[in-house]
Amino acid sequence: MRRMRTDVITVQTGSRPAVRDITAEAQQFVSGEGDGLLHVFVPHATAGLAIIETGSGSDDDLLSALDDLLPTQDRWRHRHGSPGHGRDHVLPAFVPPYATLPVLGGRLVLGTWQSICLVDTNGDNPTRQVRFSFLPG
């Protein structure tokens, strides 16, 4: 019986809200595997994962939509960190910190324009960890 395989990567997101495409890293992790599931998890209270199109403005549109939905004004009860940082702690309720994707023959099964993206609105923490776990079928 094969067991789950897991690894952690480090992603630099910088000091401004960011959407970072981590699809290539995820594909590299499952390359050579057979069929199964890839679970991606961000162990941070202020970041999430989105499956979206990138490179055509959708990543910036996502950040703009999050600004509209979760404005950075200093209205949040959670008050440590930069002004408005409380919204970063609410982000994972809207952009969850996990995603599970099918893998067939060692290849991620994504739609034509889909990418796995780390979404980080917290400029106070420019370095993030992402855990990949492969569960064989």
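## Arg87 and its partners

Is Arg87 buried or exposed? Arg87 is buried, because its relative accessible area is 3% and buried means under 20%. This is a predicted model.

Two salt bridges involve the side chain of Arg87. One joins Asp67 and Arg87, at 3.0 Å from N to O. This pair links distant parts of the chain. Asp67 lies in helix 2 (residues 58–69), Arg87 lies in helix 3 (residues 86–90), and 20 residues separate them. The other joins Asp88 and Arg87, at 3.2 Å from N to O. Together, Asp67, Arg87 and Asp88 form a network of salt bridges.

The burial of the three residues can be set out in turn. Asp88 is buried, as is Arg87. Asp67 has a relative accessible area of 36%, so Asp67 is partly exposed.

## The open sheet

Which strands form the open sheet, and in what order? There are 3 strands, in the order 2-7-4, and their pairing is antiparallel. Strand 2 and strand 4 are the edge strands, each pairing on one side only. From one strand to the next, the twist averages 30 degrees.

Strand 2 (residues 18–21) runs antiparallel to strand 7, and 4 bridges join them. Here Val19 stands opposite Val119 of strand 7. Strand 4 (residues 47–52) also runs antiparallel to strand 7, with 6 bridges between the two. In that pairing, Ala50 has Cys117 of strand 7 as its bridge partner.

## Strand 7 from both sides

How many residues of strand 7 are buried? Strand 7 spans residues 115–120, and 6 of its 6 residues are buried. In a regular strand, side chains alternate between the two faces of the sheet. In strand 7, one side carries Ser115, Cys117 and Val119, while the other carries Ile116, Leu118 and Asp120. Both faces are covered, and the residues on each are all buried.

Val119 and Cys117 sit on one side of strand 7. Val119 is opposite Val19, and Cys117 is the bridge partner of Ala50.

## A buried charged pair

Asp120 belongs to the other side of strand 7, with Ile116 and Leu118. What does the side chain of Asp120 meet in a salt bridge? The partner is Arg128, at 3.0 Å from N to O.

Asp120 has 0% relative accessibility, so Asp120 counts as buried. Arg128 is buried too, because its relative accessible area is 1%. The salt-bridge count for the model comes to 4, and the Asp120 and Arg128 pair is one such bridge.

Notes:
Residues numbered from 1 in each chain as written. Predicted model: local features only at pLDDT ≥ 70, side-chain atom pairs only at ≥ 80, totals over all residues. Heavy atoms only, no water. Buried < 20%, exposed > 50% of the residue type's maximum accessible area, 1.4 Å probe, protein only. Helix = DSSP H or I, 4+ residues; strand = E, 2+ residues; numbered from the N terminus. Pairing = 2+ DSSP bridges. Axes fitted to C-alpha atoms, helices over the stretch in contact; angles between N-to-C directions.
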